[in-house]
Amino acid sequence: MSTGDTFLVLSAFLASGVEFVEALTIVLAAGLARGWRSALAGLGAATVVLAVVLAVRGPALTAIPIQALQRLVGALLHVLGPQWLRKAILRASGYKALHDEDAIFARELAEAEGAAHVERAGVDWYGFTLAFKGVLLEGLEVVFIVLTFGSAQGSIPLAAAGAAAALILVAGVGLAVRAPLARAPENAMKFAVGVMLTTFGVFWSVEGAGADWPGSDAAILGVLGWVVLSSFVLVRLLRRERLEAVPV
Amino acid sequence: MRRLAAFGRFWWDFVIGDDWLVAVLVVAGIGATAALAAANVAAWWLLPLAVPVVLWLSLRRAIRSA
C-alpha cells in the first residue's frame with residue numbers, strides 16, 4: 001500500500017469515526033427516551049436514504065477527470081481542514097470548551113423525554129425523526145468524506161473500507177456499552193482529522209493548481225509534518241497568551 | 001423552500017464553518033499557486049506556507065470575537 005493509500009484509509013477511518021460517535025449519541029438518546037422501535041426505524045430509514053445518495057453520486061464522481069476532481073476536492077478539504085484545526089487548536093489552548101459527548105447525550109435525552117408522544121405509522125414520531133435526522137446529517141458527512149477522499153486519491157473502495165472499519169468499531173462498542181462513547185478520545189480525533197484534512201487539502205490543491213510536488217506522493221509526509229508542527233506551535237502560543245492574560 | 005434553505009445552510013455550515021475568511025484566503029492561495037505554475041515558477045511551497053498564516057489570522061478573529 002502506498003503512502004497516499006495508507007493516509008487515505010487512516011483519514012477516512014478517523015473522520016468517519018468522529019461522525020459515527022456523534023450519530024451513536026443521538027440514536028442512543030432517541031432509543032432510551034422514546035423506545036428502540038422508533039429509534040431503529042429512524043436509523044434504518046436514514047441508512048436507506050444514504051445508500052441511495054451513495055449509489056447515485058458515487059459513479060457520477062468517478063466520471064469527472066481526475067485533475068478537475070483534485071482541484072475541487074483539494075479546495076474543499078483545504079477549506080474544511082483549517083476549520084476543524086481552528087476549533088481543535090482553540091480547544092487545546094483552552095479558549096473553547098472541550099467537546100463533551102456525555103453532556104450532549106444528557107441534553108438530547110432530556111429534550112427527547114420532554115417531547116410530546118405522537119404516534120405515526122406505528123412508531124413514536126419524535127424518536128423516529130430524532131434518529132433519522134441525526135443519522136442522515138452525520139451520515140451525509142461520512143458519504144462526503146468517502147466520496148471526496150476516495151475519488152481524489154483514485155480509490156473509493158479504500159476510503160469506504162476505512163469508514164466501514166470505523167462504523168464496525170463505533171457500533172460494536174456502542175452496542176456493548178449502550179452509552180455514549182464519552183471515553184473515545186474525540187477531541188484528539190478531531191485534531192487528527194483537522195490535520196489530515198488540511199494535509200490532503202494542501203496536497204491535492206497544489207496538484208490541482210497544476211504545480212508539481214518534489215518527491216511526488218512522498219511529499220504528503222512533509223506536508224503532514226509541517227501541518228502538525230504549525231498546529232502545535234499555535235497551540236503553545238495561544239496557551240501561553242491565555243495564561244499570561246489571567247490575573248494572578 | 002424551507003427544506004432548500006436548510007439544505008443550503010447544512011452545506012454552508014459544513015464547508016465554510018465559523019469563519020468565511022479561511023475560505024476566501026484558501027481560494028486566493030490556490031489561485032496564486034495556479035498563476036505561478038502557469039508561469040512555470042515552482043509553486044508547491046505557497047499553500048503549505050499559507051496554512052499557519054491562515055490559521056493564525058482565523059484564530060485571532062475567533063479570540064477577539066469571544
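Two residues are in contact if their C-beta atoms, placed from the backbone, lie within 7 Å. With that in hand, here are some exercises on this predicted model.

**Exercise 1. The interface between the chains**

Work out how many residues of chain A and of chain B are in contact, and describe the side that chain A contributes.

*Solution.*
- Begin with the count: 30 residues of chain A are in contact with 30 residues of chain B.
- Next, look for the helices on the chain A side. Helix 3 (66–92), helix 5 (125–153), helix 7 (186–208) and helix 8 (219–245) of chain A each bring at least two residues to it.
- Helix 3 of chain A gives the most, with eleven residues.
- Finally, sort the residues on this side of chain A by character: 21 are nonpolar, six polar and three charged.

**Exercise 2. A valine in helix 8**

Decide whether A:V227 is buried or exposed, and find what A:V227 touches.

*Solution.*
- Locate the residue: A:V227 lies in helix 8 of chain A.
- Count its surroundings. There are 25 other C-beta atoms within 10 Å, and the cut-off for a buried residue is 20 or more, so A:V227 is buried.
- List its contacts, leaving out residues up to four places away in sequence: A:V227 touches A:V195, A:T198, A:T199 and, from the partner chain, B:V51.
- Now take a distance: A:P82 is 145 residues from A:V227 in sequence, while their C-alpha atoms are 9.9 Å apart.

**Exercise 3. Two helix pairs**

Describe how helix 2 packs with helix 3 in chain B, and how helix 1 packs with helix 6 in chain A.

*Solution.*
- In chain B, the axes of helix 2 (residues 20–38) and helix 3 (residues 46–65) are 10 Å apart, at an angle of about 160 degrees.
- Angles over 145 degrees count as roughly antiparallel, and helix 2 and helix 3 of chain B are therefore roughly antiparallel to each other. Their crossing is right-handed.
- On the helix 2 side, the contact includes B:L21, B:G29 and B:L36, and on the helix 3 side it includes B:L46, B:V54 and B:R61. The contact residues divide into eleven nonpolar, three polar and one charged.
- In chain A, helix 1 and helix 6 (residues 156–177) pack at about 35 degrees, with their axes 7 Å apart. This crossing is right-handed.
- Among the residues that meet here are A:D5, A:A12 and A:F20 of helix 1 and A:L158, A:G162 and A:V170 of helix 6. The contact comprises 17 nonpolar residues, four polar and one charged.

**Exercise 4. The nonpolar core**

Find which residues have the most contacts inside the largest nonpolar core, and which helix gives the largest share of this core.

*Solution.*
- The largest nonpolar core has 91 residues, and A:A12, A:V27, A:A131 and A:V146 have the most contacts inside it.
- Helix 1 (residues 3–34) of chain A supplies the largest share of this core, 18 residues.
- Follow one of these residues outward: beyond four places in sequence, A:V27 touches A:A39, A:L43, A:A131, A:G134 and A:V135.

**Exercise 5. Positive phi in the loops**

Say where A:S216 and B:N40 are found, and whether each is buried or exposed.

*Solution.*
- Keep the background in mind: most residues other than glycine have a negative phi.
- A:S216 is not a glycine, yet has a positive phi of about 55 degrees. A:S216 sits in the loop between helix 7 and helix 8 of chain A, and counts as exposed with 12 C-beta neighbours inside 10 Å.
- B:N40 also has a positive phi, near 60 degrees. B:N40 belongs to the loop between helix 2 and helix 3 of chain B; with 7 C-beta neighbours inside 10 Å, B:N40 counts as exposed.

Technical notes:
Residues numbered from 1 in each chain as written. Chains lettered and ligands numbered in written order. Predicted model: local features only at pLDDT ≥ 70, side-chain atom pairs only at ≥ 80, totals over all residues. Axes fitted to C-alpha atoms, helices over the stretch in contact; angles between N-to-C directions. Helix = DSSP H or I, 4+ residues; strand = E, 2+ residues; numbered from the N terminus. Parallel < 35°, antiparallel > 145°, perpendicular 65-115°, else oblique. Left-handed = near helix turned anticlockwise from the far one by under 90°. Nonpolar A, V, L, I, M, F, W, Y, C, P; charged D, E, K, R; others polar. Core = buried A, V, L, I, M, F, W, Y, C linked by C-beta atoms within 7 Å.
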